[in-house]
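Here are my notes on the model you sent over, point by point. Have the viewer open while you read.

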Amino acid sequence: MNKMIKGSLAVAHEAFDDGTEVRVRPQAGGTDARPVVSVHDLAMRYGDDEPVIEGVSLEVREGEVVSLVGPSGSGKSTILRAISGLHAPLSGKVDLGIPATEMGFLFQDDALLPWRTARDNVALGLRLHGKPVGGARQEAGEWMARLGLKGFELRYPRQLSGGQRKRVALAQVLALKPRLLLMDEPFASLDAIVRHRVTQDLLDWVEREGIAVLLVTHDLEEAQALSDVVNLLSQGPRARISHRYPVEIPRPRDLIGVRGHPTFAPLLQRIWKDLSVEVEEATANR
Ligand SMILES: Nc1ncnc2c1ncn2[C@@H]1O[C@H](COP(=O)(O)OP(=O)(O)OP(=O)(O)O)[C@@H](O)[C@H]1O
Ligand SMILES: [Mg+2]
């Protein structure tokens, strides 16, 4: 049984051939799926400046992938900072349906420790959660193998490519079996092929384990391909969620196939149009 699972959440488990036990994805966004995080009427500001965001409400339920898109500087990262507890709200609140220790973060710049091997970087979180060094290393090695990093265990971050480092960072986060994953442009620096592979790996794990995800991205196609709901943030200051688009594409999804779904292109066009209007209005008001 997964020791990280706490609280009263009843989630089914399934064993895989490699001995991994994973949560079975609850129905994404189903009415019986519980919120993992709820943001109510949130306003945030830095210092005495005008609020960056205001009146922002959103919810991510068990097994649901929700994304946040919007103009640069509108406050997407700020919303993640509020949820992660790094920055206190001016008003409104963030309710977590899980212990804060079960949140995982994957940010644009990976935070690997340069003086530790890749495997010890992955093992670090497990060690902090009290696992003895031998067990943590073994588990870290298994996670690396699952993410295509077999043979790279003893390399240092500087000896890895950007895509490999991103996979190490992903292994580090997934090894802790988070129930909520906050991601801020995690794959932006990767080239198209590597980005596709790493994102598909992530999507597979998220779908298999029923991890709730809140993803910030500038890539509207990526947002739609991965998400159950895409939220569009208006231009700041005092940015709000101006549109919310449900994505009705069945899971499991593959990143290529999903683009051929009949609803994909029309919705993408709509989001582009709405985003362009936000940016044009803001430019006209300047
Ligand atoms: N530490 C800070 N101090 C002062 N202002 C800040 C700070 N961090 C962010 N801001 C401002 O808050 C606003 C929102 O920033 P945020 O980083 O949340 O935007 P974003 O939507 O994530 O943008 P991007 O897409 O470019 O990453 C911006 O105007 C930014 O300049
Ligand atoms: Mg940002």
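1. Start with H4. Helix H4 has 13 residues, and from its first C-alpha to its last it reaches 18 Å, close to the 18 Å expected at 1.5 Å a residue. Keep in mind here and below that this is a predicted model. Eleven of the 13 residues of H4 are buried, so the helix is largely enclosed by the rest of the structure. The buried set runs through Gln164, Arg165, Lys166, Arg167, Val168, Ala169, Leu170, Ala171, Gln172, Val173 and Leu174. Charged side chains are in that list, including Arg165, Lys166 and Arg167.

2. Now the core. Which residues have the most contacts inside the largest nonpolar core? They are Val122, Leu170, Ala171, Leu180, Val213 and Leu214, in a core of 65 residues. Helix H4 (residues 162-174) gives the most to this core, with six residues. Why does the core lie between two domains? Domain 1 (13-98 + 180-284) and domain 2 (112-178) both contribute residues, so the core sits between them.

3. Just past H4, have a look at Lys177. It lies in the loop between H4 and strand S8 (180-184). Lys177 is not a glycine, yet its phi is positive, about 45 degrees. Most residues other than glycine have a negative phi. Lys177 counts as partly exposed because it has 18 C-beta neighbours inside 10 Å, short of the 20 that would make it buried.

4. On the other side of S8 there is Glu185, placed in the loop between S8 and H5. Glu185 is partly exposed too, with 18 other C-beta atoms within 10 Å. What I would check in the viewer is its partner in space: Glu185 and Asp109 are 76 residues apart in sequence, while their C-alpha atoms are 9.0 Å apart.

5. Helix H5 (residues 192-209) comes next. With 18 residues, H5 reaches 26 Å from first C-alpha to last, close to the 26 Å expected at 1.5 Å a residue. Its buried residues are Arg195, Val198, Thr199, Leu202, Leu203, Val206 and Glu209. Seen down the axis of H5, these fall within an arc of 145 degrees, so they line one face of the helix. The residue that follows H5 is Gly210, with a positive phi near 70 degrees.

6. Arg208 also belongs to helix H5. This one is partly exposed, with 16 C-beta neighbours inside 10 Å. Arg208 and Pro252 are 44 residues apart along the chain, and 8.6 Å separates their C-alpha atoms.

7. Pro252 deserves a point of its own. The peptide bond from Arg251 to Pro252 is cis, with omega near -5 degrees. Pro252 sits in the loop between S11 and helix H7 (264-284).

8. Where is the other cis proline, Pro237? It is in the loop between strand S10 (229-233) and strand S11 (241-246). The bond from Gly236 to Pro237 is cis, again with omega near -5 degrees. Most peptide bonds are trans. The loop between S10 and S11 also holds Arg238, which has a positive phi of about 55 degrees although it is not a glycine. Arg238 is partly exposed, having 16 other C-beta atoms within 10 Å.

9. On to the ligand. The shell around ligand 1 consists of Tyr46, Val52, Gly70, Ser72, Gly73, Ser74, Gly75, Lys76, Ser77, Thr78 and Gly236. By type, these shell residues divide into two nonpolar, eight polar and one charged. Gly236 in this shell is the residue whose peptide bond to Pro237 is cis.

10. Helix H1 (residues 76-84) has Lys76, Thr78, Ile79, Leu80, Ala82 and Ile83 as its buried residues. Two of them, Lys76 and Thr78, are also among the residues surrounding ligand 1. Just after H1 comes Gly85, with a positive phi of about 85 degrees.

11. Last, Leu58, found in strand S4 (residues 53-61). Buried or partly exposed? Leu58 is buried, with 20 other C-beta atoms within 10 Å, and the cut-off for buried is 20 or more. Leu58 and Val94 are 36 residues apart in sequence and 9.5 Å apart in space, C-alpha to C-alpha.

Note on methods:
Residues numbered from 1 in each chain as written. Chains lettered and ligands numbered in written order. Predicted model: local features only at pLDDT ≥ 70, side-chain atom pairs only at ≥ 80, totals over all residues. Helix = DSSP H or I, 4+ residues; strand = E, 2+ residues; numbered from the N terminus. Expected span 1.5 Å × (residues − 1). Buried ≥ 20, exposed ≤ 12 C-beta atoms within 10 Å, placed from the backbone. Arc of directions from axis to C-beta. Near = placed C-beta within 6 Å. Core = buried A, V, L, I, M, F, W, Y, C linked by C-beta atoms within 7 Å. Domains from an automatic or database assignment.
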